[in-house]
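Student: I've got a protein structure open and some of the terms are confusing me. Can we go through them one by one?

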There are 4 protein chains.
Amino acid sequence: VNIASTEPFAGLMPTHQSIGQFEEGLAKDDPAISAGMLYAYAALAAKVPYVNFTPSTTVDIPALMEFADVQGVVIAGKDGKTGQTLYKTVLAPMFQLRNLRVSGWYSTNLLGNDDGYVLSDPAHLQQKVASKLEALAPILGYDDVDHQVDIHYYAPRGDAKEAWDVIDFVGWLGAKMSMRVNWLGQDSILAAPLVVDLARLVWFAQQRGERGPATQLSAFFKTPLNTREHNFFEQTRNLMMYCDSASRRNGGD
Amino acid sequence: VNIASTEPFAGLMPTHQSIGQFEEGLAKDDPAISAGMLYAYAALAAKVPYVNFTPSTTVDIPALMEFADVQGVVIAGKDGKTGQTLYKTVLAPMFQLRNLRVSGWYSTNLLGNDDGYVLSDPAHLQQKVASKLEALAPILGYDDVDHQVDIHYYAPRGDAKEAWDVIDFVGWLGAKMSMRVNWLGQDSILAAPLVVDLARLVWFAQQRGERGPATQLSAFFKTPLNTREHNFFEQTRNLMMYCDSASRRNGGD
Amino acid sequence: VNIASTEPFAGLMPTHQSIGQFEEGLAKDDPAISAGMLYAYAALAAKVPYVNFTPSTTVDIPALMEFADVQGVVIAGKDGKTGQTLYKTVLAPMFQLRNLRVSGWYSTNLLGNDDGYVLSDPAHLQQKVASKLEALAPILGYDDVDHQVDIHYYAPRGDAKEAWDVIDFVGWLGAKMSMRVNWLGQDSILAAPLVVDLARLVWFAQQRGERGPATQLSAFFKTPLNTREHNFFEQTRNLMMYCDSASRRNGGD
Amino acid sequence: VNIASTEPFAGLMPTHQSIGQFEEGLAKDDPAISAGMLYAYAALAAKVPYVNFTPSTTVDIPALMEFADVQGVVIAGKDGKTGQTLYKTVLAPMFQLRNLRVSGWYSTNLLGNDDGYVLSDPAHLQQKVASKLEALAPILGYDDVDHQVDIHYYAPRGDAKEAWDVIDFVGWLGAKMSMRVNWLGQDSILAAPLVVDLARLVWFAQQRGERGPATQLSAFFKTPLNTREHNFFEQTRNLMMYCDSASRRNGGD
């Protein structure tokens, strides 16, 4: 399970396109291969299931997706959904189901630990913000929303994480309304049990003979691999149905 | 559809117990029969579907439940879920699914119109608060939550409605975290489309030969009749499944 | 310095009117004499300066005001200004100086310790709320404000204290605007240095030969004795001027 | 009175250093002379008092300060204090006077009109943020505060302006506390009466024979010219004392 700080990513290079090219790149220390990709490669080579709990680009390049398939290894990711994106994917379905048109969603985040410090570098920040921006449009079904996500390193917050959201929405007859959310969370505390569950669930999937992206684990991630399902309740239902089905096949409970 | 201001309720009386006793009470102008009950009785007598969009006790007394069944009339209620309880029944499932223990939920409401003014009378207020307190425990699965709901008539808010919530929750290793929500809604604007949908849906149900409490409409209400399902996403799924099934039987879409 | 929990008060009785009647009451254990009054009386009898840091009615009855004067003892109070009322008396002058008309100010408080528990009894609560309601009108210069103050015992808050305020104000051409404040304080931590300063300042005043209510200490209290000055900056200026003047007379700095 | 949108500023150039160099620059259309400077120059040339209500660099360059003095014209500025900075300079003195150490102050702003749109260009934004960052340290008396100011163009907010602040402060024994403020203002409505008052007050000062920066008007500005006084109550007191003194000299009231 990758839980290192967010790495920058300069875009897909030829090295990332196939496992052949990737291994050539390895041989000549190609700088396009990040530390995160190396760890992912090592896991796959050892046939150990791999989870990317960060927004870094690691296993989610064509070369390693191909390698995971070849090796018959389960992979999952990416970017653990622990705070703002969690409640965003919970509230957005409410607006969608009640036909309340979301016109804007401004999100800011304050964090004061080393993860936050790394994100004060714009190259690292970009990966994180991209991951956080993705969830809204697929749930709402439209993308003309003024959706903004900000992340700030703010020393007094320490290991805790604070988020603030303003949501503007429009009701019948064009009536304007709004909602604000203020979240005071402990990121590591929220992440730890998810990491434990993920470790068990990818192991379980591997035992069952699955390979490649474990889409049944989308509820755990901000940017789930190989699925556009972001609605937290649909994601959770998918996981429940997967568990039911798996336990029936196993003749157990 | 009853959208009058909240009425006080002094508890179940003999008059409320059966349709026979209720009609005796009618004959002698029993004060235990409220205006809201009278309207509900009239609708049922005319075999017109009846919806209670308020927290008042009207059709939900044994006498009128029995009468709805006898008359073959569809009824629904009660208390439209338009603001604070809507997002409460959206957020509470998130805490439950992530195994975050809710230790307290303080909710306050400010409203400045006549509905708010009526609620500044404690007898009226009690009905409303009871309705708002009900949703949490069935979703969370435990009731040792310091759950408080306040409603205040606050003149400057006018027709709008403001709500503020503090949610305290506990994560792994007992770590304390919290979330705050501030809602600025337009109650009538939020209620109107629901009232229109309800009018269509009870009519549709009546045409299909249903009678009594329409539990498929629980997503619309703070205190749905004859069901303990408060999770907004489960409620919505029930409605979707009902619609699918009804449309299949009708051979339509 | 009285820092006990808030006591209820049933109104002025004959026993409270003069020191003579008070001492008669003492002799016959008159229940109109509260524990707080007894402590205040004992301090005055011993010629020790007395500070009431609570909203209880203690030294602020005619009998004990008279006794303080007779004994030549400095008294101060009442109700330490540590949180919501502190910032209220800081923000209200801003609105007044900018000619922004305050139309409503809703304040709610959550506290989870024994002080909060005592206040969940309405008789105790009334004293506290009265003390908190007093500050606004004298600063604004008008009293047609929908000013509401709520206090709730909310167990998850523990020793901390949370406050939330909504302030509605009206600008040029009747434009409606609003401000919200959310305060997360530690009441004892905020009170302790004030208690220490007060102990020194009443002792200093006593040494200088002052007697009766120390109006120069109004900045410390929600309901300062014998003055209607609630603006925190005017109060602080009064204290500064008092200190300057006292130090000049003492030939010191 | 300059109320145009914020202009970018590339730093002081030789052209800005003296009125002689400035007029040479004028003759050859030097691009270092902004539109705002041109208007200011025109006002001074016509001996009309000039107010800069924006954060743009206009009259506050050595050349035009000199010119104002030569021409005997009153000038005032800069950047009207209407919202977030207003309450910041009201709350900061409270923390300072109560000896509560401010460790961080995060401020974000959302505005959706053309002023906001102009600020979405980083060159323009820089001037505005610099102006907003200035007020805190001079009031608190120390500058090791994690003070951050953000401004965002957020279309759904329209002509209104929203601000949100988190203030972290430390009390006795290092206890950590915090305060949050959410402001929903109408910028133009808040600015208009200040503009009218400023027009009158600079005219009045000009009539009295004053010239150059009117420091008595510091209460109106985020970055008052020629003074480090940012505390709103001290600023207001200075204005009151100025008015008293002026009216005494005029023998009027």
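Student: What makes β6 of chain C and β6(D) count as paired strands, and in which sense do they pair?

Tutor: First, keep in mind that this is a predicted model. Two strands are called paired if there are at least two bridges between them. Strand β6 of chain C, residues 176-186, and β6(D) have seven bridges, so they qualify, and the sense is antiparallel. One of the bridge pairs is V181(C) with V181(D).

Student: Which strand does β6(A) pair with, and over how many bridges?

Tutor: Its partner is β6 of chain B, again residues 176-186, with seven bridges in the antiparallel sense. In that pairing, W183(A) stands opposite M179(B).

Student: Why is A219(A) called buried?

Tutor: Buried means under 20% relative accessible area. A219(A) has 5%, so the word fits. This residue sits in the loop between β7 and α9 of chain A.

Student: And what does A219(A) touch, apart from its neighbours within four places in sequence?

Tutor: Contact means heavy atoms within 4.5 Å. By that rule A219(A) is in contact with K81(A), F232(A), Q235(A), T236(A) and R98(B). F232(A) is 13 residues away along the chain, yet the two C-alpha atoms are separated by 5.8 Å.

Student: How do you know that R237(A) and E234(B) form a salt bridge?

Tutor: The rule asks for a side-chain nitrogen of Lys or Arg within 4 Å of a carboxyl oxygen of Asp or Glu. For R237(A) and E234(B) the closest N and O atoms are 3.2 Å apart, so the pair passes. The count between chain A and chain B is two salt bridges.

Student: Where's a salt bridge between chains C and D, then?

Tutor: Look at R237(C) and E234(D), where the closest N and O atoms are 3.2 Å apart. Across that interface the rule finds two salt bridges. You'll also get 10 residue pairs in polar contact there. By class, the side of chain D that touches chain C has 28 nonpolar, seven polar and six charged residues.

Student: How much area is buried between chain D and chain C, and which three residues of chain D supply the most?

Tutor: About 3,400 Å² is buried, and carbon and sulfur atoms give 74% of that. R98(D), W172(D) and F233(D) supply 20% of the area that chain D buries against chain C, more than any other three residues.

Methods. Residues numbered from 1 in each chain as written. Chains lettered and ligands numbered in written order. Predicted model: local features only at pLDDT ≥ 70, side-chain atom pairs only at ≥ 80, totals over all residues. Heavy atoms only, no water. Buried area = accessible area lost by both parts, 1.4 Å probe. Polar contact = N/O pair within 3.5 Å; in protein donor to acceptor, adjacent residues only side chain to side chain. Nonpolar A, V, L, I, M, F, W, Y, C, P; charged D, E, K, R; others polar. Helix = DSSP H or I, 4+ residues; strand = E, 2+ residues; numbered from the N terminus. Buried < 20%, exposed > 50% of the residue type's maximum accessible area, 1.4 Å probe, protein only.
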